[in-house]
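Colleague: I have the file open and some time to spare. Can you talk me through it?
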Amino acid sequence: MNDFLDLDQTLDCGQAFRWTKVDGIWQGIASGQKLSVKQDNIEPIKENPFWSHYFDLDTDYLTIKNKLIRISPIMELAINFSPGIRILNQDPWEMVISFILSQYNNISRIKSMVNNLCQITNPTTLNFPTPNQLLALNPEKLNSLKFGFRDKYVLDGARKINEGRVDLEYIKTLSIEEAEKELEKIVGVGKKVAACILLFGFHRFDSFPVDIWIKRAMDKWFDGQTGEKVFGPYAGIAQQYLFNFIRNGLNT
DNA sequence: CACCAGGTGGAAC
DNA sequence: GTTCCACATGGT
């Protein structure tokens with residue numbers, strides 16, 4: 001088992017919604033920066049501090065994976081299915097909106113919603129909108145995005161973050177339980193969405209999002225125990241290997 | 001065409 | 001405190 005970055009596994013495992021693969025080239029935008037990169041040459045990532053951090057190249061996944069493998073044979077299967085997954089360092093605000101949109105939705109449509117949002121707010125740069133840009137969307141444009149019942153949730157998030165009623169910097173200083181409570185001040189952010197925001201936007205490896213797939217996995221293989229109890233401080237990373245394994249790894 | 005999706009808020013027990 | 005249900009829409 002070596003410690004590498006697999007772009008297919010990392011960018012297509014449900015943690016990021018703004019990457020597309022065209023002719024073998026992964027293209028994406030994060031924090032106003034653009035990247036085109038191929039698996040057989042990831043130098044552009046290694047030599048750029050922003051992208052190195054984004055792809056979490058400083059974290060020792062080898063050690064973490066070996067610890068998780070020792071916990072259970074299923075975890076070993078899950079890790080061996082997609083050993084090149086890494087948890088990205090994504091923008092917290094973008095994660096708030098993206099995972100509000102993720103609820104009761106499928107990944108393919110989440111991607112199109114998020115990309116349409118960027119297209120309609122920043123047609124030339126395709127950057128993710130700021131809270132103000134989101135709040136400035138007129139009703140016709142917002143309606144055209146077809147967020148459905150999530151409209152009011154997205155707006156509540158933008159409003160509370162814009163006004164500082166939910167402070168993303170402050171959240172960085174909080175315990176996992178306090179941080180979760182703070183994020184849940186936003187209407188439409190419950191336990192699961194908060195956990196995703198903390199794991200993918202705040203790099204909190206101790207956050208364990210439980211969606212329908214992870215619920216199935218924990219019931220099926222871990223006697224319904226909690227992820228925190230089974231996997232400890234790296235539960236969030238374990239969760240991502242398990243998520244990809246139970247969704248894509250069983251009938252192949 | 002049914003069935004389902006990286007859930008949540010709110011009403012009803 | 002727990003359980004039940006509506007929710008907008010489109011992918012498969």
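Modeller: We can begin with the area buried between domain 1 and domain 2, which is about 1700 Å². Buried area is the accessible area (1.4 Å probe) that two parts lose on being put together, summed over both. This is a predicted model, where local features need pLDDT of at least 70, side-chain atom pairs count only at pLDDT 80 or more, and totals for chains, interfaces and linings use all residues. Side-chain values use heavy atoms, with hydrogens and water left out; residues are numbered from 1 along each chain as its sequence is written, and chains are lettered from A and ligands numbered from 1 in the order in which they are written.

Colleague: What share of that buried area do carbon and sulfur atoms give?
Modeller: Carbon and sulfur atoms give 63% of the area between the two domains. On the side of domain 1, Phe17, Arg18 and Ser207 lose the most area to domain 2, together 44% of what that side buries.

Colleague: Where are the domains in chain A?
Modeller: Domain 1 is 7-88 + 207-249, and domain 2 is 92-201. Those bounds come from an automatic or database domain assignment. The C-alpha centres of the two domains lie 21 Å apart.

Colleague: How many residues of each domain are in contact?
Modeller: There are 21 residues of domain 1 in contact with 21 residues of domain 2, where contact means heavy atoms within 4.5 Å.

Colleague: How many salt bridges cross the interface of domain 1 and domain 2?
Modeller: The rule finds one across that interface. A salt bridge here is a side-chain nitrogen of Lys or Arg within 4 Å of a carboxyl oxygen of Asp or Glu. The side chains of Lys111 and Asp12 meet in a salt bridge at 3.1 Å, N to O.

Colleague: And polar contacts, how many residue pairs between the domains?
Modeller: The count is six residue pairs, both residues at pLDDT 80 or more. A polar contact is a pair of N or O atoms within 3.5 Å; within protein, one must be able to donate a hydrogen and the other to accept it, and residues adjacent in sequence count only if both atoms are side-chain atoms. Helix 16 (residues 235-248) gives the largest share of the side of domain 1 that touches domain 2, five residues. Helices are DSSP runs (H or I, at least four residues), numbered from the N terminus.

Colleague: Change of topic. Which residues surround DNA strand C?
Modeller: Among them are Tyr104, Asn106, Arg109, Phe149 and Arg150. A residue is near a strand if one of its heavy atoms lies within 4 Å of it.

Colleague: Which parts of DNA strand C do the side chains of Arg109 and Arg150 approach?
Modeller: A polar side-chain atom of Arg109 lies 2.7 Å from a base oxygen of DNA strand C. For Arg150, an N or O atom in the side chain is 3.3 Å from a base nitrogen of that strand. The side chain of Asn106 has an N or O atom 3.5 Å from a sugar or linking oxygen of DNA strand C.

Colleague: What about DNA strand B, which residues come nearest?
Modeller: Of the 29 residues around DNA strand B, Gly14, Asn105, Asn106, Ile107 and Gln239 come nearest. A backbone N or O atom of Asn105 lies 2.4 Å from a sugar or linking oxygen of DNA strand B. Lys192 has a backbone N or O atom 3.4 Å from a phosphate oxygen of that strand.

Colleague: Which helices each supply at least two residues of that surface?
Modeller: Helix 13 (191-201), helix 14 (212-221) and helix 16 each do so for the surface near DNA strand B.
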